[in-house]
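Reader: Let's go through this one together. Could you take me through it piece by piece?

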Amino acid sequence: MSVVGERLQPTLFELGKHGRGGGKIPHPPKDALDRIPAAARRASAPALPELSELEVVRHYVNLSQLNYSVDTGFYPLGSCTMKFNPKLNEWAARLPGFAGLHPMAPDAVAQGTLQLLYELEAILAEISGMDAVTLQPAAGAQGELTGILVIRAYHRARGDTERCEVLVPDSSHGTNPATATMAGYRTVTIPSAPDGGVDIDAFKAALGPKTAAIMITNPSTLGLFETRIGELLEATHAAGALAYMDGANLNAILGRFKPGEAGFDVMHFNTHKTFSTPHGGGGPGAGPVGARASLAPYLPAPRVIREADGTYRLERTGERPSSIGRMRSFFGSTGVLVRAYAYLRAHGDSGLREVSDDAVLAANYLKARLAGSYDIPFERACKHEFVASAAGIKHRTGVRTLDIAKRLIDKGYHPPTIYFPLTVEEAMLIEPTETETLETLDGFADALIEIAHEAEADPGVVTSAPHDAPVRRLDEATAARQPNLRWRAMTGEQTPCPD
Amino acid sequence: MLETIGISSVDELFDDIPRALRASPLRLDPPEPELELAARLTALAARNRTDLASFLGAGAYRHWSPPAVDQLLLRGEWYTAYTPYQPEVSQGTLQSIYEYQSLLAELTGLDVVSASHYDGGAATAEAALMTCRATGRGRLLVSRAIHPHYRGTLATYADGAGLAVDEIPLVAEGPLAGTTDLGALARLLADSDHPVAGVVVAQPNVLGLLEDMPEVGRLAHAAGALFVSVIEPVSLAVLAPPGAYAADIAAGEGQPLGIPLGYGGPYLGIVACTDALMRQIPGRLVGLTKDLDGRRAFVMTMRAREQDIRRERAASNICTNQALLALAASIYLATIGPHGLRDVAALGAVHASELAAALAAVGAPRLHAGPYLNELVVRVPDAPAVHARLLDRGVLAGIPTAELLPDEPALADGLLVCATEVTTPAEIARFAEALRAELAGPVMAEAVR
């Protein structure tokens, strides 16, 4: 195979040459490590690449050019809320007072950060209609695990130990059933109703003395509001179970629906979705969890406390023995939370409602534009995202959703989420977000419509796409069968340490 | 837009929310213009104290991060992309993750590195869970000398999964004081009614001391258990890597690799393992492959372990992880280079020696006899009170061991202090002088002032 194409880059290891780099750190005396027993010391230096700073900079700048990103184009990846990341937030997180603060610093040293975190808890509680919020979980999935462990602790504290099941709809995110397993619960998957929504009657039938919780994404992963959710929440509570809301789709309902007011008991927020903290190529996120007052005693520790004199402190070890404990070290992903706080303050009461209004408007507009060219399995008003399907195109032409996604790359767009939810054939989950212009939405709709025409007229050009990306389609089967997960050539030749 | 949709107002799009369930008005402040918000944030940041001479480590470390690291991270092509689901337009992220896996494999001496976990605590917990899946056993032995937050996280995860956790005590006195009690470990492993899946020990441990890791590995393996080594990545430039002492899994906190302290995150959870455990490792993996034209390319692989494919049978629920922090660590390692990393670790050791000598000279000798790298406990009577008074003198004197490990009577009078390459002689002198004044009593303290 050729090592690199026109735009592809050699690896760090191929670039490295002995003797390059240096000049960053003073050299310690030669006997610096003599007091460390030889048996505990490394026998030979790690064979890391040696590069000049210029080489490192070019490597990473050139590699970055192989990425598609929100800053370079429209990224309608459904379920992920790829909205614009305001630059003020990056600046804020890097303020030395925030960025340089040690996580074990005494409370007296950390008053600014503690105040920000305390205020953020209150803002999230107001948005969600929940009574208490923990900021500790490091991502949405960890927030889910936190929430389900809190629910388990609640049942246990009441001596209600027979509950061993969590009900999830088949359209749920994969994290929901995976979370239930990690919390020691059995997942019961409930098939969706024909209208795409949660089958409320099937859920009600499955509820019982074994049910610990239901996990519902609302709006659903199809972008539809669950209109009978009130009925389901009542039935859940009547069965003695609790209701968890996966907050992945909160971007659709800010100021319109507060899960806590409606009767959900616990929910998580994805700051990297709803509150514009950057997705980072796959993280970091943050997954704060809100809960009603009856569950607050079980939230992870430590939380932030405001004293009567207006100072702030962290809960002390053991101060709240009912807590499920820690989900991670230290306070949480504070740098992410600083960004979310800045976003929430920038938008305020009216701005947050506008966020959802505009996100929902954009999604419905795109859905209307595509209706003549793609199957729209659920015609009612969507929320912030909607499902289109290429099932009809596939039956007529053999062109699949995967092909259409790859062809979108040629036309300058990041593809939507594809083949999710699993309940819709040839699904494309499209989420435009509120931050895009009408011109951008129209350009994307035009591109998708053009591809639908191409599929009929010249399917080959679609099935062989992308034609204009740094690489063509990849051999994923070989990658999985014969995994090559690290660079190995380097291990044969270790570069000697100069001193 | 409304006309295209066929409605007359945006409100109609929300008609599907039942009236009874509609939200009460948001009681939040109005939108804040950027200028005012920037002033608010500046003022909040300024309320954190940054004027202290800090000797605080305990799992998060001050280091020099070359400005190239953050400037490269600020490219939008990196931080405003997402998980590389479409590899044709994500080769930048994919190659950077493959390089991260390779760099960390070299550093740890292990084969397979996942493309990141949340932090050292969650990484340690996931590593412990891996040993249970791999062995089919349900009992874990965890040293009391791993970071208490990691122990806490592991306990939460283990409770969720229905696993038993026993703690291995510390040696209380003598030359091995402060290290994991290997005699106790052997006895805990000998309980054949409750076979052990994994043994979890840190190097250096939370008190800064070096453990006899090869012996831990021998004991664990003799009992059919797997061995999880909790590592600090900078130290691996000079300390034997987990692969050299037969650890099966390494877990740890990647923050020291160029990532700001930031009051606890976002950080970088490191998990690495042997080839034999490849199918058990949770989180994303990137592999090398080729495209239709034979060009070398990178792709997420072995996805059948993951939650979006496997659902309730997945290896973990982890989805969004810490890709940007893995990138930061890679850029840091590439910029600082192997010799730079060694200098960082060795200079930290030198400064720690100087710190230990300066504190001993004012009446605060080391509490333990064993070897350490760059973090150590010094004996200070009434340490929490002294620590608080030193703060008034502008010194963040590490952390009182009585607060870090409250259940260890042997640690009642200790301060855990740390030095790195950025620690200066002036800071050490400031600490020593302030401590001399405190230990000399109130009269002397006044005189020194």
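Helix 14 of chain B

Author: B:Gly441, with a positive phi near 95°, follows helix 14 of chain B. This is a predicted model: local features need pLDDT of at least 70, side-chain atom pairs count only at pLDDT 80 or more, and totals for chains, interfaces and linings use all residues. Residues are numbered from 1 along each chain as its sequence is written, chains are lettered from A and ligands numbered from 1 in the order in which they are written, and side-chain values use heavy atoms, with hydrogens and water left out.

Reader: How many residues does helix 14 of chain B have, and how far does it reach?

Author: Helix 14 covers residues 425-439 of chain B, which is 15 residues, and reaches 21 Å from its first C-alpha to its last. That is close to the 21 Å expected at 1.5 Å a residue. The expected span is 1.5 Å times one less than the number of residues. Helices (H or I, at least four residues) and strands (E, at least two) are DSSP runs, numbered from the N terminus.

Reader: Which residues of helix 14 are buried?

Author: The buried residues of helix 14 of chain B are B:Glu427, B:Ile428, B:Phe431, B:Ala432, B:Ala434, B:Leu435, B:Ala437 and B:Glu438. Buried means under 20% relative accessible area, exposed over 50%, partly exposed in between (1.4 Å probe, protein chains only).

Reader: Why would residues three or four places apart point the same way?

Author: An α-helix has 3.6 residues a turn, so residues three or four places apart point the same way.

Reader: Zoom out. What is the radius of gyration of chain B?

Author: Chain B has 25 Å, which agrees with the value near 22 Å for a compact globule of 449 residues. The radius is taken over C-alpha atoms, and the globule rule is 2.2 Å times the number of residues to the power 0.38. The C-alpha atoms of chain B fill a box of roughly 85 × 60 × 50 Å along the principal axes. Its secondary structure comes to 15 helices and 14 strands.

Reader: How many of its residues count as buried?

Author: In chain B, 67% of the 449 residues count as buried.

Reader: Over to chain A. What span should helix 15 have?

Author: Helix 15 of chain A (residues 438-457) has 20 residues, which should span 28 Å at 1.5 Å a residue. Its end C-alpha atoms are 28 Å apart, so the two agree. Its buried residues include A:Leu441, A:Phe444, A:Leu448 and A:Ile451.

Reader: What covers the buried residues of helix 15?

Author: The cover includes helix 12, helix 13 (391-397), helix 14 (401-410), strand 12 (427-430) and helix 16 (459-463) of chain A.

Reader: Now backbone oddities. Which peptide bonds are cis?

Author: The bond from A:Asn218 to A:Pro219 is cis, with omega near -5°. A:Pro219 lies in the loop between strand 4 (211-217) and helix 9 (229-238) of chain A. The bond from B:Gly265 to B:Pro266 is cis too, with omega near 5°. B:Pro266 sits in the loop between strand 7 (249-253) and strand 8 (269-273) of chain B.

Reader: And B:Ser116, buried or exposed?

Author: B:Ser116 is buried, with a relative accessible area of 0%. Its phi is positive, near 100°, in a residue other than glycine.

Reader: What about A:Tyr419, what is its phi?

Author: A:Tyr419 has a positive phi of about 60°, although it is not a glycine. At 30% relative accessibility, A:Tyr419 counts as partly exposed.

Key
Contact means heavy atoms within 4.5 Å.
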